[in-house]
Amino acid sequence: MAGNEHILSIIHFILAILWIWIFIQSKRKNTVNYMHIVLLLFAVGILINSLYNVIHN
C-alpha cells in the first residue's frame with residue numbers, strides 16, 4: 001500500500017505544478033478567470049500538504 005501512496009503523491013505533485021503553470025500562462029495572456037484562481041488555490045494546498053507529509057514522515 002505504501003507504494004501506491006507514493007505514486008499518488010507524485011501524481012498530486014505533478015498536477016499541482018501543471019495547475020500553477022496553467023495559471024501563469026493565463027496570467028501572461030490576461031485571460032485569468034475564476035476557475036484559474038480556484039485551481040491555483042488547490043495547487044498551493046496540494047503542495048503545502050505534500051511538503052508537510054514529507055517533513056513529518
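These legends describe close-up views of a predicted model. Local features need pLDDT of at least 70, side-chain atom pairs count only at pLDDT 80 or more, and totals for chains, interfaces and linings use all residues. Residues are numbered from 1 along each chain as its sequence is written, and side-chain values use heavy atoms, without hydrogens and water.

**View 1. A nonpolar patch lies on the surface.** Ile 10, Phe 13, Ile 14, Ile 17, Leu 18, Trp 21 and Ile 22 make this patch of about 640 Å². Patch residues have over 30% relative accessible area and no salt bridge, and nonpolar side chains (Val, Leu, Ile, Met, Phe, Trp, Tyr) are joined within 5 Å, like charges within 9 Å. A salt bridge is a Lys or Arg side-chain nitrogen within 4 Å of an Asp or Glu carboxyl oxygen. Areas come from the Shrake-Rupley method with a 1.4 Å probe; for residues, only the protein chains shown count as cover.

**View 2. Ile 22 sits in helix α1, residues 2-28.** Helices are DSSP runs (H or I, at least four residues), numbered from the N terminus. Ile 22 counts as partly exposed because its relative accessibility is 33%. Buried means under 20%, exposed over 50%, and partly exposed in between (1.4 Å probe, protein chains only).

**View 3. Thirteen residues line the largest pocket.** Glu 5, Ser 9, Ser 50, Asn 53 and Val 54 lie nearest its centre. Helix α1 gives the most to the lining, with seven residues. The lining has five nonpolar, seven polar and one charged residues.

**View 4. Asn 53 belongs to helix α2.** Asn 53 is partly exposed, because its relative accessibility is 34%. The C-alpha atoms of Asn 53 and Ser 9 are separated by 9.5 Å, with the two residues 44 apart along the chain.

**View 5. Asn 33 lies in the loop between α1 and α2.** At 40% relative accessibility, Asn 33 is partly exposed. The C-alpha atoms of Asn 33 and Phe 13 are 23 Å apart.

How values were computed
Helix = DSSP H or I, 4+ residues; strand = E, 2+ residues; numbered from the N terminus. 1 Å grid on protein atoms, 1.4 Å probe; cavity = no way out; pocket = protein on both sides within 12 Å on 5 of 7 lines; lining within 4 Å. Nonpolar A, V, L, I, M, F, W, Y, C, P; charged D, E, K, R; others polar.
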